[in-house]
Amino acid sequence: MATAAAQPTARGQAYGGAQDDAGDTTAYQRVFDAAVAADERIEPRDWMPDAYRATLVRQIAQHAHSEIIGMQPEANWITRAPSLRRKAILMAKVQDEAGHGLYLYSAAETLGTSRDELLDKLHAGRQKYSSIFNYPTLTWADVGAIGWLVDGAAITNQVPLCRCSYGPYARAMVRICKEESFHQRQGYELLLALSKGTPEQHAMAQDAVNRWWWPSLMMFGPPDDESQHSAQSMAWKIKRHSNDELRQRFVDICVPQAESLGLTLPDPDLRWNEERGHYDFGPIDWTEFWEVLKGNGPCNEQRIEQRRRAHEEGAWVREAAAAYADKHAGGNGEARA
Ligand code: BYC
């Protein structure tokens, strides 16, 4: 059996004969279920139910797409960063997001789905990316708000994914979470500088937080009673907590941080509930969330259009890289792509 540290195993094949001539997968299913129950990692060559594979591809693809689309709203400010230091930090952050996309597309490839196939689906509007990246970055303070709130929400959601039952996804998340922590801190530090700056800078920071707060809460997905995938994903230990649990955890973390920043959160219903041991918060506008998912957010069209254009304009790079690899593999120098 595989453990967290073990090399990939052909778990199904270790039980030769478990799948009989009629294609009965019951014995394989039992081995898979036992591995999940024992908190072991499922590895690429292990037998897994088709629906488990499909769920992972769906979630990992959506996650990977979010990373690369997420580069756009932040890159919007690289040329206008207020100092060389801020520009260097922002460039490093945007570059990190591309790296995260790469780890995640690679994790999806271990499930038998190529990056090309996933990108085609994204460009055709057949796969989603996070709702949050359909909002515009109107001022420099938005870079801080994204770091503090969006990366903060991402970490809250993604730290439990380091214990996801699928090995390659879990391992990719370890590095991603470390980098996201740096991103979150740069956002907090940026907002703190603005909040303690001139009255205009303080107002700019507050305005950014006002605009990003509610969309950040939506990042965790629909409420538990409307989350169609949660129960199965939690049974498979892909997800470790429900959408609402993680959303609550995020709110509880943010309230004291907002106080330290000297900023307020735009929710009149936000107050500590002694009985629950959590902050209560006001109703989320789920109509807005579903509209953004349907493609009707402020920047949906612009984001996908820019992504398609970048892909087309990068075709020559892919061709050149393929030709180079082919040449060094002893081929005839023709691009394989
Ligand atoms: N946006 O049954 P549910 C980041 C979809 S951060 C768009 O609860 P699930 C970054 C959902 O896909 C963001 N769609 O689904 C940060 C499903 O539709 P489909 C990326 C959403 O999968 C900073 C339907 O709604 N992080 O990368 O159990 C800088 C029903 O939902 C959203 C991840 O992707 C949403 N917010 O739970 C740069 C983390 N929420 O697929 C980059 C990994 C829900 O049936 N993903 N939907 O058509 C997850 O943890 C889970 O997929 C979710 C949703 C919690 C997001």
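## Polar contacts of the ligand

Let's start with the ligand's grip on a lysine: one of its oxygen atoms lies 2.7 Å from an N or O atom in the side chain of K239. Keep in mind that this is a predicted model. Taken alone, the ligand exposes 1,000 Å², and the protein buries 94% of that.

K128 also makes a contact through its side chain, where an N or O atom is 2.4 Å from an oxygen atom of the ligand. With M218 the backbone does the job: a polar backbone atom of M218 is 3.5 Å from a nitrogen atom of the ligand.

## The shell around the ligand

Which residues come nearest to the ligand? There are 32 residues around the ligand, and Q62, K128, S227, H229 and K239 come nearest. So K128 and K239 turn up here again, having already appeared as the side-chain partners of ligand oxygen atoms.

Sorted by class, the shell holds 14 polar, twelve nonpolar and six charged residues. As for secondary structure, α2 (50-69), α6 (141-158) and α11 (286-296) are the elements that give two or more residues to this shell. The largest share is that of α2, with six residues.

## The largest pocket

Where does the ligand sit in terms of pockets? The space taken by the ligand is the largest pocket, and about 1,100 Å³ of space lies in there. Its lining counts 50 residues, with R58, Q59, Q62, M219 and G221 closest to the centre. Q62 is on that list and is also one of the residues that come nearest to the ligand.

Here the elements that give two or more residues are α2, α4 (84-109), α6, α7 (167-195), α10 (243-261) and α11. Once again α2 leads, giving the most to the lining with nine residues. By class, you get 20 nonpolar, 17 polar and 13 charged residues in this lining.

## The second largest pocket

Now for the runner-up. About 360 Å³ of space lies in the second largest pocket. It is lined by 15 residues, and the ones nearest its centre are L102, R115, L119, H311 and R318. The elements that supply two or more lining residues are α4, α5 (115-123) and α12 (300-313).

Which element gives the most to this lining? That would be α4, with five residues. α4 is also among the elements with two or more residues in the lining of the largest pocket. The class split for the second largest pocket is six nonpolar, five charged and four polar residues.

Terms used
Residues are numbered from 1 along each chain as its sequence is written. This is a predicted model: local features need pLDDT of at least 70, side-chain atom pairs count only at pLDDT 80 or more; totals for chains, interfaces and linings use all residues. Side-chain values use heavy atoms; hydrogens and water are left out. A residue is near a molecule or strand if one of its heavy atoms lies within 4 Å of it. A polar contact is a pair of N or O atoms within 3.5 Å; within protein, one must be able to donate a hydrogen and the other to accept it, and residues adjacent in sequence count only if both atoms are side-chain atoms. Accessible areas come from the Shrake-Rupley method with a 1.4 Å probe; for residues, only the protein chains shown count as cover. On a 1 Å grid over the protein atoms alone, a cavity is a set of points where a 1.4 Å probe fits but cannot get out, and a pocket is an open set with protein on both sides within 12 Å along at least five of seven lines; lining residues have an atom within 4 Å of a point. A molecule sits in a cavity or pocket if more than half of its atoms lie within 2 Å of its grid points. Helices (H or I, at least four residues) and strands (E, at least two) are DSSP runs, numbered from the N terminus. Ala, Val, Leu, Ile, Met, Phe, Trp, Tyr, Cys and Pro count as nonpolar, Asp, Glu, Lys and Arg as charged, and the others, Gly among them, as polar. Grid points are joined across faces, edges and corners, and a volume is the space filled by probe spheres set on the points.
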